[in-house]
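Could you walk me through this structure in my viewer, one selection at a time? I am new to it and would like to know what to click on and what I will find there.

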Amino acid sequence: MRNGGQVLVESLMALGAVKAFGVPGESYLAVLDALHDTQGRLDFVLCRNEGGAAFMAAAWGKLTGSPGICLVTRGPGVTNASIGIHTAMQDSAPMIVFVGQVGTDMTGREAFQEIDYGAVFGTMAKWAVQIDRVERIPEILGRAWVTATTGRPGPVVVALPEDMLTSLTDAAPLTAPARISEPAPTAEAVAEALALLQGAARPLLLLGGCNWTDDGRRALQHFAEASDIPAIVAFRYQDRFDNHSACYAGEAGVGMPAHVKALIREADVILAINVRFGEMTTDGYTLLSVPVPVQEVIHVHGSDREIGKIYQPVLGIHAGPNTFAAALRPARGGWAGWRAKARAGYLASMDAPPQPSPVDMVAVMVHLRRVLPGDAILTNGAGNFAVWPNKFYSFGAKARLLAPQSGAMGYGVPAAIAAKVAYPDRTVVCFAGDGDFQMTCQELGTAMQAGAQPIILILNNGIYGTIRAHQERNYPARVSGTTLQNPDFTRLAHAYGFHAERVESTADFAAAFDRALASGTGAVLDLNISPEALTPRQTLSQIRAAALVVKESP
Ligand SMILES: Cc1ncc(C[n+]2csc(CCOP(=O)(O)OP(=O)(O)O)c2C)c(N)n1
Ligand SMILES: [Mg+2]
């Protein structure tokens, strides 16, 4: 006989879970106790806030394709974790959040820390469920794993009533994950897609989402290169297509470059693979008209619920990205000129004028593009600073980007820690704003304890720059609620055992970054960024001046 905690933990290990991120609670002591028996084979990465834990699990899912496991307590624990659940949903990243629940003898009374999980997370997560009977753990856990990983991957919330976890059962734990083959396109659907492309004057590939394999990405790149079709990626999925390829043309994301907007507008056939059509990818649903775009859209997705959700495609294909990519055969339509123009637009977008800032991020990115290894993992949260890793880095075939489609501040630090937990030997660089960093900087303690210390660059401009930019555009010269008074970040980082330096000027960056790479403790570099350098091509003063002119003109 086993108790619920034991059945759960043994099943998780059989499914392939090796790490869990969480904060303990008295509501799930039986799970903690079962973890004790695994002797680290299912390693509990102890976090400082459930928001950080959930971000780590979400990032783990995005990075590895295996569900990130998050363990949190009821009420206050899971409400803290909700930011990571929302982020995993918007990112289409596989994740399972296990959360304690009051005993089944008192549900519905608003007992201590009670939450109705179905009501609260029913729309935020892909699925929310409560396991009321111990013998049903294998069944419901198996379904949670399949739900999190297939179709459009996403987060599942599983509530564990306290008495259920301590009940005994002779139910057998799961012994292996279900093997599920990716939905494949029919030969007719592939032929029709190729015929549509063949007839195009200006075809375009748009890619995104999780669930890609290396083989699938290689097959797609081969198809694009052999066909001379330019490829762009959805918001914050820059690492899904080798940026060094002559077909890569940029990101359809926030602050979309003019050449990417033009590509989407001018394309006559768009082959969208594994893409959720979000607001950022469509520039607020303006580049493609709802519900029937002028461009002919071929939408390939592993979930039939994504096809036709917003845009009526000229052809929808319910297939996974890898089986679809493997089925493609080069098309030839004389698109070399169109492809070259797209690539030239991308390459030109990587240049920006020198920044009016003691540390110039244009120079920093030139340096990082030169020195970072090909398999580096970059992470970021939300803020204007994110433009640097998102628009000024070249993600080769092996590089990864962990950045939230939800635009959640605070994601970058925990995501970098999760990346270090997953790949201790890879170089992981987190880009954080000064506001962004302070959302989750307590997780430096998690990093220290887990021995998972990344390099963190704080782009410290003393403001909530993004909001200040919006403020200046809409209410010029009326600063309100956007100026930060910051602590000494180097002393904070030292307290957590990190190597830390303030970088006062551009000339100091290269040597400081060398020391950061060499330090075995992880490093925090506090970069002196001027608030004037608010965007790569427009200063704070220019934004204000332009808005004042508009305001004063009759
Ligand atoms: C959790 C969360 N809270 C608030 C926001 C709104 N928001 C977006 S960017 C931003 C400011 C970011 O400031 P900072 O990290 O210093 O970066 P900067 O824009 O100055 O480069 C805020 C408050 C958000 N996206 N996420
Ligand atoms: Mg800032």
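Here is a tour in several stops, from the metal site to a helix and then to some loops. Keep in mind that this is a predicted model.

**Stop 1: the magnesium ion**

Begin by selecting ligand 2, the magnesium ion, together with Asp 434, Asn 461 and Ile 463, its protein donors. Asp 434 offers an OD atom, Asn 461 its OD1, and Ile 463 its O, and these donors lie 2.1 to 2.2 Å from the ion. If you have the sequence panel open, look for the donor spacing D-x26-N-x1-I. Are Asn 461 and Ile 463 buried or exposed? Asn 461 counts as buried, at 16% relative accessibility. Ile 463 is buried too, at 6%.

**Stop 2: ligand 1**

Now select ligand 1 and show what lies around it. There are 18 residues surrounding this ligand, and the closest are Asn 384, Asp 434, Asp 436, Gly 465 and Thr 466. Asp 434 should look familiar, being also a donor to the magnesium ion. Some distances can be drawn here, each from an oxygen atom of the ligand:

- to an N or O atom in the side chain of Asn 461, 3.0 Å;
- to a polar backbone atom of Ile 463, 2.9 Å;
- to a polar backbone atom of Thr 466, 2.8 Å.

**Stop 3: helix α9**

Next, select residues 214–227, which form helix α9. The helix has 14 residues, and from its first C-alpha to its last it reaches 20 Å, close to the 20 Å expected at 1.5 Å a residue.

Colour Gly 216, Arg 217, Leu 220, Gln 221, Phe 223, Ala 224 and Ser 227, which are the buried residues of α9. Because they cover an arc of only 160 degrees around the axis, they sit on the same side of α9. A general point helps in reading the pattern: an α-helix has 3.6 residues a turn, so residues three or four places apart point the same way. Give another colour to Asp 214, Asp 215, Arg 218 and His 222, which are exposed on the other side of α9.

What covers the buried residues of α9? Show α8 (187–198), β9 (203–207), β12 (269–273) and α11 (321–327), which are among the elements that do so.

**Stop 4: two positive phi angles**

Step just past the end of α9 to Asp 228, where phi is positive, at about 60 degrees. Asp 228 belongs to the loop between α9 and β10 (231–234), and counts as partly exposed at 22% relative accessibility.

Then jump to Gln 113, in the loop between β5 (95–101) and α5 (117–121). Phi of Gln 113 is near 60 degrees, a positive value in a residue other than glycine. Gln 113 is partly exposed, with a relative accessible area of 23%. As background, most residues other than glycine have a negative phi.

**Stop 5: Asp 239**

Select Asp 239, in the loop between β10 and β11 (248–252). This residue is buried, its relative accessible area being 1%. A polar atom of the Asp 239 side chain lies 2.9 Å from the backbone nitrogen of Leu 401. Beyond its neighbours within four places in sequence, Asp 239 is in contact with Arg 217, Phe 395, Ala 399, Arg 400 and Leu 401. You have met Arg 217 already, as one of the buried residues of α9.

**Stop 6: the loop between β12 and β13**

Go on to Pro 291, which lies in the loop between β12 and β13. Look at the peptide bond leading from Val 290 into Pro 291: the bond is cis, with omega near -5 degrees.

Gln 295 is placed in the loop between β12 and β13 (296–301), and is buried, with a relative accessible area of 6%. Which backbone oxygens does the side chain of Gln 295 reach? One belongs to Ile 264, at 2.8 Å, and another to Leu 287, at 3.0 Å. Outside the neighbours within four places in sequence, the contacts of Gln 295 include Arg 265, Ala 267, Asp 268, Ile 270 and Leu 288.

**Stop 7: Arg 305**

Finish at Arg 305, in the loop between β13 and β14 (315–318). Arg 305 is exposed, with a relative accessible area of 71%. Select Gly 151 as well and draw the C-alpha distance: the two residues are 154 apart along the chain, and their C-alpha atoms are separated by 8.7 Å.

Technical notes
Residues are numbered from 1 along each chain as its sequence is written. Chains are lettered from A and ligands numbered from 1 in the order in which they are written. This is a predicted model: local features need pLDDT of at least 70, side-chain atom pairs count only at pLDDT 80 or more; totals for chains, interfaces and linings use all residues. Side-chain values use heavy atoms; hydrogens and water are left out. Helices (H or I, at least four residues) and strands (E, at least two) are DSSP runs, numbered from the N terminus. The expected span of a helix is 1.5 Å times one less than its number of residues. Buried means under 20% relative accessible area, exposed over 50%, partly exposed in between (1.4 Å probe, protein chains only). The arc is that of the directions from the helix axis to the C-beta atoms. Contact means heavy atoms within 4.5 Å. A polar contact is a pair of N or O atoms within 3.5 Å; within protein, one must be able to donate a hydrogen and the other to accept it, and residues adjacent in sequence count only if both atoms are side-chain atoms. Donors are N, O and S atoms within 2.8 Å of the metal (3.2 Å for Na, K and Ca); water is not among the atoms, so sites may look incomplete. A residue is near a molecule or strand if one of its heavy atoms lies within 4 Å of it.
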